[in-house]
Amino acid sequence: MSKHQITSTNDFVIRFANVNGTGSASANGLFAKALFRMGLPISPKNIFPSNIQGLPTWYEVRVSEKGYLGRRGGVDISVAMNPQSLKQDIDCLQAGGYLMYDSTKPLDIRVQRDDVHYLGIPLTEMCQREYDDPRKRQLFKNVIYVGALAALLDMDFSVLTGLVADTFKGKEKLVLPNIHALEMGYQYAQEHFQCPLGIRVERRDLTTEKIMMSGNDALGLGAVYGGATVVGWYPITPSTSAVEAFEKYANKFRICEQTGCKKFALIQAEDELAAIGIVLGASWNGARSFTATSGPGVSLMSEFLGLAYFAEVPTVLFDIQRTGPSTGMPTRTQQSDILAAAYASHGDTKHVLLFPATPKECFEMSALSFDLADRLQTPIILLSDLDLGMNDVMSDPLEWDDSRQYDRGKVLSRKDLERMDTPFGRYRDVDDDGICYRTYPGSHPQKGAYFTRGSSHNRDAAYTEKSEDYVDSMERLLKKWHTAKSLVPAPQRYDNPDANKSTDLGMLFFGTTTDAALEAQNILAEEGIHINALRVRAFPFNDQVEAFLSEHQQIFVIEQNRDGQLRTLLMNECSADPSRLIPLTLYDGMPVCAQDIRREIRKTLKVNNVMPLRAQTRGDS
Amino acid sequence: MTYHRPSFRHPDLPTNELGHTRQYYEGALSTLCAGCGHDSVSAAIVQACFELAIEPHHVAKLSGIGCSSKTPAYFLNQAHGFNSVHGRMPSVATGANAANRQMAYIGISGDGDSASIGFGQFSHVVRRNLNMLYLVENNGCYGLTKGQDSATADVGSAGKRGIATAFEPIDLCAQALQLGATFVARSFSGDKQQLVPLLKAAITHKGFAFIDVISPCVTFNNTTTSTKSYDHMREHVRQADVVDFVPAEKEITVDYAPGTTKELTLHDGSVIHLTKAQSDLDTSDPHAALNAIHDHKVRGEVLTGLLYLDTELHDFHRVINTMPTPLRDLQEKDLCPGGDVLQGINSGLR
Ligand SMILES: Cc1ncc(C[n+]2csc(CCOP(=O)(O)OP(=O)(O)O)c2C)c(N)n1
Ligand code: SF4
Ligand SMILES: [Mg+2]
């Protein structure tokens with residue numbers, strides 16, 4: 001009897017196992033991008049160690065004609081280029097899957113399985129023969145296996161060669177050698193294996209308008225578009241690339257043509273306290289400014305966040321979350337800073353949070369955060385995470401409306417001050433919306449100066465220890481908080497796909513949980529379980545969130561942390577009965593899978609859990 | 001509480017070139033202890049700004065937390081002030097200066113604020129050579145939390161609690177010198193003659209100007225056993241030089257005896273005249289300054305005056321090459337690349 005073979009067109013998971021620092025990233029990226037250019041929705045994910053060289057690293061690509069971008073779980077093709085992780089890389093395969101390996105040396109029989117297929121290519125030997133330079137021997141190994149995959153999966157070879165040409169634009173010397181390596185792999189596979197495999201791809205046109213971009217790249221670009229000029233920062237994974245993206249785009253678009261001077265100041269600070277201090281100072285002085293960090297940085301920034309809240313200084317902070325607590329797993333993802341961000345700092349504080357789910361939204365919310373900070377004169381904390389921030393994610397294209405004007409909020413200019421017949425008071429609630437007028441330093445020789453302080457102040461910004469003055473400003477801050485509800489992005493609702501079925505089940509989530517949750521919603525609908533979904537996009541929660549909670553009997557709050565932090569926030573801030581909010585937490589540091597959500601929901605609803613064959617895996621996933 | 005001064009002004013008060021009286025440069029009434037050194041420093045700042053004839057609203061005042069950090073409320077009422085968090089004034093000043101390089105920045109700190117909780121931020125703002133006056137009102141103790149030893153207290157010095165300090169002090173001038181400050185001075189709150197011209201020179205200097213002002217805390221550290229008391233200071237101060245500051249476009253009217261003074265010209269043409277007093281310090285040599293500080297300390301003396309000055313222009317904005325226009329004044333057209341550029345970026349991501 002012949003072994004089971006996975007057969008599937010445009011729907012599979014391939015995982016590359018490499019050694020960190022061996023140049024595999026560009027070859028693997030080439031493979032993924034080629035599929036994207038063949039019109040296929042893909043979602044590549046880097047699974048990398050907190051280390052510069054030598055430790056195992058994986059690159060997992062899901063291809064899904066249906067357009068599912070969440071992690072699927074399970075692996076159909078494993079490209080095992082790292083002897084150190086070989087056992088894992090065989091164990092992760094689904095039955096009937098394929099293992100590609102370097103057959104220069106025989107495969108260790110102790111780790112072999114008899115329910116998977118072996119695709120041995122003598123990569124080391126081929127490179128040894130072909131190249132003299134040891135670095136080339138190393139690098140081209142990666143390109144050769146991509147060539148072999150092209151034959152095995154029936155990829156369009158011309159897409160690959162086109163991509164190589166695009167990638168090495170300006171370095172033409174590199175084009176031919178790369179194409180040659182691709183051809184070596186392609187030919188070897190043609191000659192030695194039955195091509196294509198049961199798993200294969202076919203051209204579609206499902207990605208025509210789409211782009212592939214990392215969330216951090218989009219954040220950095222959004223900050224350039226949003227008019228940020230001063231950046232204070234301190235390096236920390238996974239936020240660093242957001243600041244690097246800002247720098248990259250600013251160096252392109254923000255250099256004065258005549259003088260070569262910069263229209264921005266990027267300041268690598270001594271720590272995160274200084275990074276956010278820089279943001280407060282710059283914003284106070286009328287510039288748009290931001291910092292980016294991750295959990296440990298948020299902890300350090302909290303004293304300043306309280307000052308910004310109480311003294312009402314616009315502040316923009318991007319928190320690219322990683323796995324906590326403490327140093328945790330610095331290169332794994334999580335959504336576990338929700339409470340730390342929402343209530344950062346001592347005393348009664350709460351902060352506006354934004355939850356982007358796609359690169360397009362990262363771009364938009366990045367730019368928006370500066371408008372919101374200026375309008376609300378308070379910290380705006382954008383919560384992304386490693387999964388969205390550091391992976392290339394397929395997204396709708398970015399858009400910018402050229403008629404858009406920055407909203408600089410309530411700022412009195414010199415002219416405004418001249419015209420005023422009432423005296424200026426920094427904390428007077430003139431418009432009755434909780435937001436007061438501010439002035440930039442240096443605006444007027446005699447009017448509008450005030451003293452910014454984190455100590456208690458009255459409406460005219462003077463120090464006070466009078467209880468009624470203190471309570472007055474705390475209550476006004478609450479009023480401002482209510483105003484914020486109408487300004488932050490509204491949640492997005494996804495009703496159960498079968499319009500004929502009404503349901504009192506709901507699911508609620510945000511950010512990178514979205515793709516997997518919506519996929520689970522579809523799978524469950526096919527299985528007869530109908531659930532409405534709501535993606536929150538900001539805190540404070542507005543009436544639509546309240547309405548969703550009251551319309552449903554049971555609401556699964558799906559999030560990537562242990563303690564159900566989003567659920568806690570909903571309990572604190574909304575009127576919903578907590579017993580109706582069911583925590584569904586997935587927090588192992590890996591991007592979430594639809595099957596895990598599906599399983600948890602079925603378990604809670606006490607529906608018999610039979611996993612479909614495809615999702616069964618051996619060992620880790 | 002903030003107490004406002006009565007607004008009555010005598011009509012014949014002298015005015016500066018801008019037509020402002022000295023009172024125009026004052027702030028709210030101080031709530032510090034009567035006799036606190038910090039109040040004399042505030043008065044010296046008022047005097048210096050008045051004499052320099054700067055527009056108060058072109059100055060931003062920043063501070064951390066402490067009695068000293070409260071003082072920006074007590075000078076320059078027409079200037080914006082930012083009383084930030086303990087030890088973090090340097091970062092706020094960095095951001096503010098990055099946003100608008102055309103204003104003058106006066107940062108006021110304490111020895112606790114700068115030598116302990118804010119030692120890191122202090123060091124880094126020096127390294128950045130941010131164009132600002134950074135003034136520490138150094139009383140060797142934490143005034144606001146009732147007199148605990150600070151990191152600048154000398155070994156053996158004892159304040160009101162009567163317990164001698166056991167740990168090596170941090171000398172902030174020496175630190176500033178080692179970290180590349182371009183203007184370093186030390187003074188005494190009781191020596192207005194010296195402090196006012198030093199302040200004028202420091203505010204005019206285009207770069208990081210650091211002044212450590214010994215400023216006694218009358219309530220907790222003015223004891224006979226304290227080395228930061230008024231009496232101790234009066235006895236042990238040694239002036240490196242007598243400082244005179246002549247702003248640009250002003251004629252030099254004083255006759256200096258030939259060979260006794262040195263002229264240092266700042267970027268805007270202002271001139272500092274140094275008349276040698278008790279030392280022959282070479283103010284262009286940071287090592288000489290470090291040695292002089294050390295030698296005096298060994299003798300139990302405190303060397304004051306201008307200790308080091310580098311007149312080369314290499315302030316922060318110059319180093320990072322930002323444009324001369326304040327960044328905060330840039331508008332959409334300068335900042336936003338626009339929709340067409342974005343289409344191009346989209347195409348590059350396919
Ligand atoms: C984070 C933090 N820790 C502690 C304090 C309490 N605190 C207020 S002022 C101060 C010391 C101030 O000393 P110094 O800077 O020398 O100022 P002085 O009062 O002596 O002028 C301390 C410890 C605080 N405000 N914030
Ligand atoms: S406690 Fe000391 S430092 Fe504070 S105001 Fe009184 S004298 Fe000045
Ligand atoms: Mg002190």
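**Group meeting: two chains, two ligands**

Okay, let's start in a loop. Pro238(A) sits in the loop that runs between strand E10 (230-233) and helix H8 of chain A. The peptide bond leading into that proline, from Thr237(A) to Pro238(A), is cis, with omega near 0 degrees. Before I go on, please keep in mind that this is a predicted model.

There's another cis bond in chain A, joining Phe539(A) and Pro540(A), and there omega is about 10 degrees. Pro540(A) is also in a loop, the one between strand E21 (538-539) and helix H17 (543-551) of chain A. And while we're on backbone oddities, have a look at Asp432(A): phi is positive, about 60 degrees, although the residue is not a glycine. You'll find Asp432(A) in the loop between helix H14 (414-419) and strand E17 of chain A.

Hang on to E17, since that strand takes us over to the other chain. Which strand of chain B does E17(A) pair with, and in what sense? The partner is strand E2 of chain B, residues 80-83, and the two run in the parallel sense over three bridges. Within that pairing, Thr452(A) stands opposite Phe82(B) in E2(B).

So, on to the interface as a whole. On the chain A side, 69 residues are in contact with 58 residues of chain B. The area buried between the two chains comes to about 5300 Å², and carbon and sulfur atoms give 62% of that. Three residues, Glu270(A), Trp284(A) and Phe451(A), supply 12% of what chain A buries against chain B, more than any other three.

What about charges and polar pairs? The rule finds two salt bridges across the interface of chain A and chain B. Opposite charges on side chains can pair when the charged atoms come close. Here, one example is Arg350(B) with Glu209(A), where the closest N and O atoms are 4.0 Å apart. There are also 24 residue pairs in polar contact across the interface of chains A and B.

Which elements of chain A give two or more residues to the side that touches chain B? Among them are helix H1 (24-37), helix H7 (215-225), helix H8 (240-253), helix H10 (295-311) and our friend strand E17 (451-453). Helix H9 of chain A gives the most, with eight residues. If you sort that side of chain A by class, you get 38 nonpolar, 17 polar and 14 charged residues.

Now the ligands. Where does ligand 1 sit? Between chains A and B. There are 18 residues around ligand 1, and the ones that come nearest are Cys67(B), Ser68(B), Asp111(B), Gly112(B) and Asp113(B). An oxygen atom of ligand 1 is 2.8 Å from a polar backbone atom of Asp113(B). Cys141(B) also uses its backbone, with an N or O atom 2.9 Å from an oxygen of ligand 1. With Asn139(B) it's the side chain: an N or O atom there is 3.1 Å from an oxygen of ligand 1.

Asn139(B) turns up again around ligand 2, and so does Cys67(B). The rest of that shell includes Leu32(B), Cys33(B), Cys36(B), His38(B), Cys217(B) and Phe220(B). How many charged residues are in the shell around ligand 2? None: the shell has seven nonpolar and four polar residues, and no charged ones.

Last item, and we're back inside chain A. Over all chains, the salt bridge count comes to 58. One that I'd point you to is Arg62(A) with Glu519(A), N to O at 2.8 Å. The pair links distant parts of the chain: Arg62(A) is in strand E4 (residues 56-64), Glu519(A) is in helix H16 (residues 514-526), and they are 457 residues apart.

That's my tour. Thanks, everyone.

Methods
Residues are numbered from 1 along each chain as its sequence is written. Chains are lettered from A and ligands numbered from 1 in the order in which they are written. This is a predicted model: local features need pLDDT of at least 70, side-chain atom pairs count only at pLDDT 80 or more; totals for chains, interfaces and linings use all residues. Side-chain values use heavy atoms; hydrogens and water are left out. A residue is near a molecule or strand if one of its heavy atoms lies within 4 Å of it. Ala, Val, Leu, Ile, Met, Phe, Trp, Tyr, Cys and Pro count as nonpolar, Asp, Glu, Lys and Arg as charged, and the others, Gly among them, as polar. Contact means heavy atoms within 4.5 Å. Buried area is the accessible area (1.4 Å probe) that two parts lose on being put together, summed over both. A salt bridge is a side-chain nitrogen of Lys or Arg within 4 Å of a carboxyl oxygen of Asp or Glu. A polar contact is a pair of N or O atoms within 3.5 Å; within protein, one must be able to donate a hydrogen and the other to accept it, and residues adjacent in sequence count only if both atoms are side-chain atoms. Helices (H or I, at least four residues) and strands (E, at least two) are DSSP runs, numbered from the N terminus. Two strands pair if DSSP finds at least two bridges between them.
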